[in-house]
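Here is a brief report on salt bridges and strand pairing. Have the coordinates open while you read.

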Amino acid sequence: MATGRTKKKIDGISYDDLRKQIKAGHLESLYLFVGEEDYFQDRAVTLLKNSLDEGMRLFNFNSFTVGESVGGNRTTITQAIDNANQLPMMANRRITIIREFDKLKEEELDFVLDYLKHPSPTTTVVFRAVSLDQRRKITAALMKSCTVVTFDKLTDAEASRKAEEYLRWRGCRIEPAALSHLINLVGTHMGRLVNELEKLAAYAEGGFINNAAIQELVPRAREHSSFELWDAIMDRDRKRGLRLMHRLLDDKTEPLAIVGALGGLYRRMLSAKDLIARHAAFEDVAKATGQYGVRAKEFITKLNRMSRDSIVYGIRRIAQVDLAIKSSEATPRLQLEFLIAELTMPEKSRMI
């Protein structure tokens, strides 16, 4: 059971560094894009694509998702490498994007390793991933051979700065309190944030965006908030967890519904943890988590940082809070505050 994806900080250049490279016309032969901010990964790919001659772009830019079914045939990494080895058509450079490269078959590994040792001088190959399995040979080879570009999740301050830059570009400004409110509502994921900024900029028509505009145009997404709360607890991010819990309550979500959702999270974690201990296949573990694709991989990576005892403790405390709320012991909000604080407490600080 390969569950060795880690959140270990990866050194690399930033999106802004890459943008400067592209603007200067300095492209490497091999890049590794890694990180959760897929909005900026997409932006970086667009910048690379736009660096090609427009008239021949169609012939010199290709993107492959390994394992994807195209016309009934599975896309292989061998096809992507064959494409990278082709000379560009009536241009100086070809660009090949490869996603889901970790799905390559063992018999394809040497083919990729050989390309990494001898990349085509007229092609830029970009390997894209949200996270990396540090134990795999392909990961070590890519880290050694490629220019790594990191796309980490933004902090609140970074997201605020990017949002202000975006609005300046759109000819608008936003009140500081309104910006803070917006981040609280939609989070720091730039894809979601830009979607809301688009609406707000169109509404403001070059003026100021205030809280009233946000209240009118930006919906709260309860389901999204619930998933964010799960993430905050698994990341042991107490401040964020409490903020999301209060947001759900302010949105009139029933306290017992929040407790039930947390109970569901911990039951899934325990089931997946036991499957991992029995060396179950990744697909079986992912099914137990109820998550799919990239989110399943992220979920299992976070789960591996938690002990089974910690999960069992969480289930016991959630059951106690459920009973306390039903018995009208203290206020539901206070009960939930204590629960979130306990669930996000570092394991070493807790007496289980």
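## Asp16 and its partner

This is a predicted model. Asp16 is partly exposed, because its relative accessible area is 28%, and partly exposed residues fall between the 20% and 50% limits. Its side chain meets that of Lys162 in a salt bridge, with 3.7 Å from N to O. The two residues sit in distant parts of the chain: Asp16 belongs to helix 1 (residues 15-23) and Lys162 to helix 7 (residues 156-169). They are 146 residues apart. The 4 Å cut-off applies here, so a pair at 3.7 Å counts.

## Salt bridges of helix 16

Which residue forms a salt bridge with Asp274? The partner is Arg308, and the closest N and O atoms are 2.8 Å apart. This pair also links distant parts of the chain, with Asp274 in helix 13 (residues 255-277) and Arg308 in helix 16 (residues 308-326). The separation is 34 residues. Both ends are partly exposed: Asp274 has 23% relative accessibility, and Arg308 has 39%.

Helix 16 also holds Arg317. Arg317 forms a salt bridge with Glu342, and here the closest N and O atoms are 2.6 Å apart. Glu342 lies in helix 17 (residues 332-343), 25 residues from Arg317. Are these two residues buried or exposed? Glu342 is buried, and Arg317 is buried too.

## Network and total

Some salt bridges share partners. Glu100, Asp102, Lys103 and Lys297 are joined into one network in this way. The total for the model is 17 salt bridges. In general, side chains of opposite charge can pair when their charged atoms come close.

## The parallel sheet

Now the strands. Five of them form an open sheet, in the order 2-5-6-1-7, with parallel pairing. Strand 2 (61-65) and strand 7 (147-150) are the edge strands, and each pairs on one side only. From one strand to the next, the twist averages 20°. In general, strands of a sheet pair through backbone hydrogen bonds, either parallel or antiparallel.

How many bridges join strand 1 to strand 7? There are four, and the two strands run parallel. Strand 1 covers residues 30-34. One bridge pairs Phe33 with Val149 in strand 7.

## A helix across the strands

Helix 6 (residues 137-145) lies across three strands: strand 1, strand 6 (123-129) and strand 7. Relative to strand 1, helix 6 runs at about 120°.

Notes:
Residues are numbered from 1 along each chain as its sequence is written. This is a predicted model: local features need pLDDT of at least 70, side-chain atom pairs count only at pLDDT 80 or more; totals for chains, interfaces and linings use all residues. Side-chain values use heavy atoms; hydrogens and water are left out. Buried means under 20% relative accessible area, exposed over 50%, partly exposed in between (1.4 Å probe, protein chains only). Two strands pair if DSSP finds at least two bridges between them. Axes are lines fitted to C-alpha atoms, for helices over the stretch in contact, and angles run from 0 to 180 degrees between N-to-C directions. Contact means heavy atoms within 4.5 Å.
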